[in-house]
Amino acid sequence: MGSILFPQGVAFRLWAPHAEQVSVVGSFNGWDGAVNPMTPEDRGYWYANVEGAGVGDHYKYQLVTDSGTITRIDPYAREVTNSVGCAVVHDHEFDWGDDDFSLAGWSDLVIYELHVGTFNDDDPSHPGHFISITARLDYLKKLGVNAIQIMPVGTFAGMRSWGYNPSHIFAVDSDYGGSLGFKTFIKRSHQAGMAVILDVVYNHLGPSDLDLWQFDGWSENGRGGIYFYNDDRALTPWGETRPDFGRGEVREYILDNVRMWLEDYHLDGLRFDSTLYIRNIGESGTQELPDGWSMLQAINETIAQHRPGLISIAEDLQSNDWITKGVGAGGAGFGSQWDPQFVRPIREAVITSQDEDRSLERIRYAILYRYNDDAFERVIYSESHDDVANGQSRLPQEVSPDDPKGWHAQKRSTMAAAMVFTSPGIPMLFQGQEFLEGGWFRDTVPVDWDQREEFRGILLMYRDLIRLRLNRDAVSRGLCGQFSQVYHLDDERKMLAFHRWDKGGVGDEVVVIANFLHKPQEDYVLGFPAIDVWKLRFNSDWDGYSELFQGYQSGNVDAVSGEFDGLPCHGSISIAPYSVLIYSQ
């Protein structure tokens, strides 16, 4: 489909079942529709060979329809001049060199979500681009993340956007650097040891600057025509542009897009926006759409066939086990899903101003929740692009609106981070979170990199947490493990402790202790899994992390025999207000 290079020129293939005649017009024929008519094929396809056409030529399709002659941009265009411009004959070739990068095991992933346009934007007149992210790869590697999740990059209307309004899903937005820029960024990321996961949008298209709308002149009920539902199934929260998942050619269009990202761009995973509105319809997304469910299954079967081992992540947010069950069992087949059962209670716990209103039972539930008894079928986080916009702000701002850089904001937002990196699941952070980025996310406001220096201690805390999460020092393998137990919960004193392990034993088992109270707890006795000296690996109150922190003296624990909290041993700890301690043998 689309433009296909061959030695003598370019071949073009288009699906337009209601067109009476079709021509390809472009810079190679003076935009004259009489020069290169297309030949009809079966099932509404049209085809033409254009000798002399080549890479870089601009083109469109001219369609003669019942309602007159119209021109359309190629739905499969890999490059466009802009969202309402022309398609460009694109050279797919790229020198990947010896790129044979493979994704880390899901238990060893740490994801960093970013928005190309604002991540490293040093020119206020233009959004950021792929090369500016490449300039920060060393920073991200030092931070410790090993997977970068990119918000959508398909061509959208205008210069600035979150990316969830795709006009052309096959063409990488030129303001970000286009196809070549994206491939170069992925290659450089792989060389730096980092995977790249792309956010894609199939629940709706557009709705603005959408050339697919009534593409070949046909439609029903005044709706979108051949690529869309033409009844109430078209309705989404973002417009009447839900693709017709039941129509074979539209399904193939989406599956071809999935294949393109995996094969041509060497991506390591895909994150799917709002799968609820692929599988369901209605204003609240409560009416099932069988076409959409089978579409999700087909997508994940395609991924498994073409690039086994890659990760597919659903943003479904309905806590539905079937999203991450295998297709063979009737599930949608995703590898993992964003988990509202974690982010909502954890954010609530640290934002709540009065200690007595803080629910440790909800925190316990957040830590232990899982899908299909697999800890890594969920992605856990305290900030994402959705959770720090649309009426919500960054956690420091939510904790302390009048003092988002103060003690309360620092202490409680970093408690949330500690929960992210010690709870079972695939941890994720959002751009700038690691140095207390404030305010709320907007596609017009770049990350404030000056805060990286101002809060270099907080940045170091995130590095230390990630280092422990990934067991870099061979003392905390349990944080990569499946097994968890919240064994101590004192809702009156707001103390919580949990045990993480993989296979068990020295270097594996980890104990995490959290004080959600504004006062310190001294000589506090709780259970430990074994007789041993349990070494303090992390203290979030260390004064090296912030000049506002007390550097409260928490130390190693000599656990002695004697059952406590259902564990065979016990020991005493001291912990600062709003702080987290991590111990291992």
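**Entry 1: the largest cavity**

I looked up which element gives the most to the lining of the largest cavity, and found that it is β13, with three residues. The model I am reading is a predicted one. β13 covers residues 195-200, and β12 (166-172) and α5 (248-264) are also among the elements that each supply at least two residues of this lining.

I noted a volume of about 90 Å³ for the largest cavity. Its lining has 13 residues, and Gly154, Pro166, Ile169, Val200 and Val201 are the closest to the centre. I then sorted the lining by class and got nine nonpolar, three polar and one charged residues.

**Entry 2: the second largest cavity**

I asked how many cavities of 30 Å³ or more the structure holds. There are two. The second largest has about 60 Å³ of space.

I listed its lining in order along the chain: Ser382, Glu383, Leu395, Pro396, Ser413, Gln433, Leu436, Glu437 and Tyr462. By class, I wrote down four nonpolar, three polar and two charged residues for the second largest cavity.

**Entry 3: the largest pocket**

I turned from cavities to pockets. The largest pocket contains about 350 Å³ of space. I found 16 residues in its lining, with Trp238, Asp273, Ser274, Glu315 and Asp386 closest to the centre. The class count for this lining is six nonpolar, five polar and five charged residues.

**Entry 4: the second largest pocket**

For the second largest pocket I noted a volume of about 230 Å³. Two elements, β1 (2-6) and α5, give two or more residues each to its lining. Which of the elements provides the largest share of this lining? I found that it is α5, with five residues.

The lining has 13 residues, and those nearest the centre of the second largest pocket are Met1, Tyr76, Arg78, His92 and Phe170. By class I counted five nonpolar, three polar and five charged residues in the lining of this pocket.

**Entry 5: α5 against α7**

α5 had come up in the lining of the largest cavity and again in that of the second largest pocket, and I went on to look at its packing. I kept in mind that two packed helices are described by the angle between their axes and the distance between the axes.

The partner I looked up is α7, residues 290-306, whose axis comes within 10 Å of that of α5 and crosses it at roughly 30°. Angles under 35 degrees count as roughly parallel, and α5 and α7 are therefore roughly parallel to each other. I recorded the crossing of α5 past α7 as right-handed.

On the α5 side, the contact residues are Arg251, Ile254, Leu255, Val258, Arg259, Leu262 and Glu263. Facing them, α7 brings Asp291, Ser294, Met295, Ala298, Ile299, Thr302, Ile303 and His306. Sorted by class, the contact has eight nonpolar, three polar and four charged residues.

**Entry 6: the loop between β13 and α5**

Last, I checked the backbone in the loop that joins β13 to α5, where proline 207 is found. As background I noted that most residues other than glycine have a negative phi, and most peptide bonds are trans.

Is the peptide bond from glycine 206 to proline 207 cis or trans? I found it to be cis, with omega near 10°. Glutamine 214 is found in the loop between β13 and α5 as well. I noted a positive phi of about 45° for glutamine 214, although this residue is not a glycine.

Conventions: Residues numbered from 1 in each chain as written. Predicted model: local features only at pLDDT ≥ 70, side-chain atom pairs only at ≥ 80, totals over all residues. Heavy atoms only, no water. 1 Å grid on protein atoms, 1.4 Å probe; cavity = no way out; pocket = protein on both sides within 12 Å on 5 of 7 lines; lining within 4 Å. Points joined across faces, edges and corners; volume = space filled by probe spheres on them. Helix = DSSP H or I, 4+ residues; strand = E, 2+ residues; numbered from the N terminus. Nonpolar A, V, L, I, M, F, W, Y, C, P; charged D, E, K, R; others polar. Axes fitted to C-alpha atoms, helices over the stretch in contact; angles between N-to-C directions. Parallel < 35°, antiparallel > 145°, perpendicular 65-115°, else oblique. Left-handed = near helix turned anticlockwise from the far one by under 90°. Contact = heavy atoms within 4.5 Å.
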